[in-house]
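Visitor: Hi! I've got a structure to look at and I'm new to this. Could you walk me through it?
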Amino acid sequence: MGDLTREELKKLKGLLREEKKEILRHLEEAGAAEGESLADASGEISSYDNHPADLATETADRERDLAIDGAFRERLDAVDRALARMKDGEYGKCETCGKPIPYERLEAIPWTPFCVEHSRSPAEMAQPDTAAPAGSAKDEQPGLRFDDDAGAWRAVEAYGDSDSMTGR
């Protein structure tokens, strides 16, 4: 299991079990509301007398809650996979390169199956892919890819704007 000591493994297993317990607690609490209708969830007897904006807010809140629950389920799957890797003796090894994952990383994210080099940082995950979308000019210009938003803007700017089309 890499360079992890028995004490470190014991601590990490405890962290994984605690995380699993917290996730299950959240999902159990959320599960009671999951089968409710929108009217039940909002506490209203009828949605007939509500302003459409009120219903939109309730719907948005419910969608947010469902998205959060989905993220918790994904985390639960990751925790379960980490516990299975621990049982199989594969815990603490990067799934990509097989090198040991540093204890400090596992202590911070005990369910991670990747070393720092093979994981995407939150900043990378938040950054949109700037490749041209399917079915766009990419088909006419193979390999079209922009280094940044300014590069994309320059490519689009070459086509002109509404003023140049009307002769203004």
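Visitor: Let's start with Glu 18. Which residue does Glu 18 form a salt bridge with?
Guide: Glu 18 pairs with Lys 21, and their closest N and O atoms are 4.0 Å apart. Keep in mind that this is a predicted model, so the values are computed from predicted atom positions.

Visitor: Where do Glu 18 and Lys 21 lie?
Guide: Both are in helix 1, which covers residues 6-34. They sit three residues apart, about one turn of the helix.

Visitor: And is Lys 21 buried or exposed?
Guide: Lys 21 is exposed, because its relative accessible area is 54% and the cut-off for exposed is over 50%. Glu 18 has 38% relative accessibility, so Glu 18 counts as partly exposed.

Visitor: OK, what about the neighbour, Glu 19? Which side chain does Glu 19 meet in a salt bridge?
Guide: That one is Arg 75, with an N to O distance of 2.9 Å. This pair links distant parts of the chain, since Glu 19 is in helix 1 while Arg 75 is in helix 3 (residues 52-88), 56 residues apart.

Visitor: How accessible are those two?
Guide: Each is partly exposed: Glu 19 is at 21% relative accessibility, and Arg 75 has a relative accessible area of 35%.

Visitor: How many salt bridges are there in the whole structure?
Guide: A search of the whole structure turns up 10. Some are joined up: Glu 22, Arg 25 and Glu 29 form a network of salt bridges. Another of the bridges connects Lys 93 with Glu 90, where the closest N and O atoms are 4.0 Å apart.

Visitor: Tell me about Lys 93. Where is its place?
Guide: Lys 93 is in the loop between helix 3 and helix 4. Lys 93 is partly exposed, with a relative accessible area of 28%, and its partner Glu 90 is partly exposed too, at 40%.

Visitor: What does the fold bring close to Lys 93?
Guide: One example is Pro 113: the two are 20 residues apart in sequence, and their C-alpha atoms are 7.0 Å apart in space. You can try a similar check on Asp 77, which is found in helix 3. Asp 77 and Trp 111 are 34 residues apart in sequence, with 9.3 Å from C-alpha to C-alpha.

Visitor: Let's zoom out. How many helices and strands does the chain have?
Guide: The chain has seven helices and zero strands. Of its 168 residues, 19% are buried.

Visitor: What share of the contacts is long-range?
Guide: Take contacts between residues at least 6 apart in sequence: 57% of them join residues at least 24 apart.

Visitor: And which residues have the most contacts inside the largest nonpolar core?
Guide: Those are Leu 4, Leu 12, Leu 16 and Tyr 91, in a core of 19 residues. Helix 1, helix 3 and helix 4 each give two or more residues to this core. Helix 3 gives the most, with six residues. As background, nonpolar side chains in soluble globular proteins tend to be buried together.

Visitor: Are there charged residues inside too? Say, what's going on with Arg 105?
Guide: Arg 105 is in helix 4, residues 103-108. Arg 105 is buried yet has no salt bridge, and the nearest side chain of opposite charge, Glu 117, is 7.6 Å away.

Visitor: Then which residues is Arg 105 in contact with?
Guide: Leaving out neighbours within four places in sequence, Arg 105 is in contact with Thr 112, Phe 114, Cys 115, Val 116 and Ser 119.

Visitor: You mentioned Cys 115. Why does Cys 115 have no bond to Cys 94?
Guide: The sulfur of Cys 115 is 3.7 Å from that of Cys 94, its closest cysteine sulfur, and that is too far for a bond, because the cut-off for a disulfide is within 2.5 Å. Cys 115 is also buried, with a relative accessible area of 3%.

Visitor: How many disulfides does the count come to, then?
Guide: The count comes to zero. Cys 97 is in no disulfide either, as the nearest cysteine sulfur, that of Cys 94, is 3.7 Å away. Cys 97 counts as partly exposed, at 32% relative accessibility.

How values were computed:
Residues numbered from 1 in each chain as written. Predicted model: local features only at pLDDT ≥ 70, side-chain atom pairs only at ≥ 80, totals over all residues. Heavy atoms only, no water. Helix = DSSP H or I, 4+ residues; strand = E, 2+ residues; numbered from the N terminus. Buried < 20%, exposed > 50% of the residue type's maximum accessible area, 1.4 Å probe, protein only. Lys, Arg positive; Asp, Glu negative; His and termini not counted. Contact = heavy atoms within 4.5 Å. Core = buried A, V, L, I, M, F, W, Y, C linked by side-chain atoms within 4.5 Å.
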